[in-house]
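Me: I should like to understand the terms used for this structure. Please set each value against its definition.

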Amino acid sequence: MGKTVKVSGMRKIIAQRMSDSWHTSPRVVYTLSVDMTKTLALVKNMNDGNEDKAKKVTVNHILMKVCADAMAEYEYVNASFADNKIEIHDEINIGLAVAVENGLIVPNTKDVGNKDIREIAQITNDLVFRARNNKLE
């Protein structure tokens with residue numbers, strides 16, 4: 001038999017939220033192969049001459065923008081269900097999981113649909129930095 005580890009604090013909240021998500025969110029898996037050559041070239045081009053780590057663009061930022069564009073086109077993906085009503089949200093907020101010393105935090109970049117890739121990068125990089133340094137509000 002293995003061992004049992006009692007959890008508290010952040011680990012307990014992570015376990016509860018993951019369990020809640022598993023029981024309340026639909027699970028959809030779609031796999032697709034994509035040639036990312038042009039995307040990687042775009043990231044390189046956007047970062048050429050930029051030594052400021054806080055402003056570096058990554059593939060994650062590109063994917064956040066692409067997902068926001070898709071969510072704007074298919075508005076029911078950016079909706080929630082409660083009290084027999086579907087609420088379609090005006091803003092598209094996207095969370096990016098960040099590993100921290102004692103667990104995982106998912107800060108949200110707000111209103112991604114109305115930001116360009118450089119804005120998304122700067123805001124998200126700041127959130128990741130603050131998450132890793134325990135400075136999120």
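The exchange below takes up the chain as a whole, then a helix, the salt bridges, a hairpin and a surface patch.

Me: What kind of model is this, and how are its residues numbered?
Reply: It is a predicted model, in which local features need pLDDT of at least 70 and side-chain atom pairs count only at pLDDT 80 or more, while totals for chains, interfaces and linings use all residues. Residues are numbered from 1 along each chain as its sequence is written, and side-chain values use heavy atoms, with hydrogens and water left out.

Me: What makes up the protein chain, and in which order do its elements run?
Reply: The chain has four helices and six strands, where helices (H or I, at least four residues) and strands (E, at least two) are DSSP runs numbered from the N terminus. From the N terminus on, the order is α-α-α-β-β-β-β-β-β-α. The C-alpha trace spans about 55 × 40 × 35 Å along its principal axes.

Me: How much of the protein chain is buried?
Reply: Of the 137 residues, 23% are buried. Buried means under 20% relative accessible area, exposed over 50%, and partly exposed in between (1.4 Å probe, protein chains only).

Me: Why are the buried residues of α2 said to line one face?
Reply: In α2 (residues 37-47), the residues T39, V43, M46 and N47 are buried. Seen down the helix axis, they fall within an arc of 95°, so they line one face of the helix; the arc is that of the directions from the axis to the C-beta atoms. The face turned away carries the exposed residues T37, K38, K44 and N45.

Me: What covers the buried residues of α2?
Reply: The cover includes α3 (59-73) and α4 (117-132), where contact means heavy atoms within 4.5 Å.

Me: What makes K44 and D48 a salt bridge?
Reply: The term requires a side-chain nitrogen of Lys or Arg within 4 Å of a carboxyl oxygen of Asp or Glu. K44 and D48 meet at 3.6 Å, N to O, so the pair satisfies the rule. K44 has a relative accessible area of 54% and is therefore called exposed.

Me: How many salt bridges are there by this rule?
Reply: The count is three. One of them joins D69 and K65 at 3.8 Å, N to O; these residues are four apart in helix α3, and are thus separated by about one helical turn. Another joins R130 and D126 at 2.9 Å, N to O.

Me: Why is K65 called buried?
Reply: Its relative accessible area is 16%, which lies under the limit for buried, so the term applies. D69, at 42%, counts as partly exposed.

Me: How do you know that β1 and β2 pair?
Reply: Two strands pair if DSSP finds at least two bridges between them. Strand β1 (residues 79-82) and β2 have four bridges, in the antiparallel sense, so they qualify. S80 stands opposite E87 in β2. The two strands form a hairpin with two residues between them, and D83 in the turn has a positive phi of about 55°.

Me: Why can I88 belong to a nonpolar patch?
Reply: Patches are made of residues with over 30% relative accessible area and no salt bridge, with like charges joined within 9 Å and nonpolar side chains (Val, Leu, Ile, Met, Phe, Trp, Tyr) within 5 Å. I88 has 32%, so it passes the area limit. Together, Y76, F81, I86 and I88 form the patch, with about 460 Å² of accessible area, by the Shrake-Rupley method with a 1.4 Å probe and, for residues, only the protein chains shown as cover.
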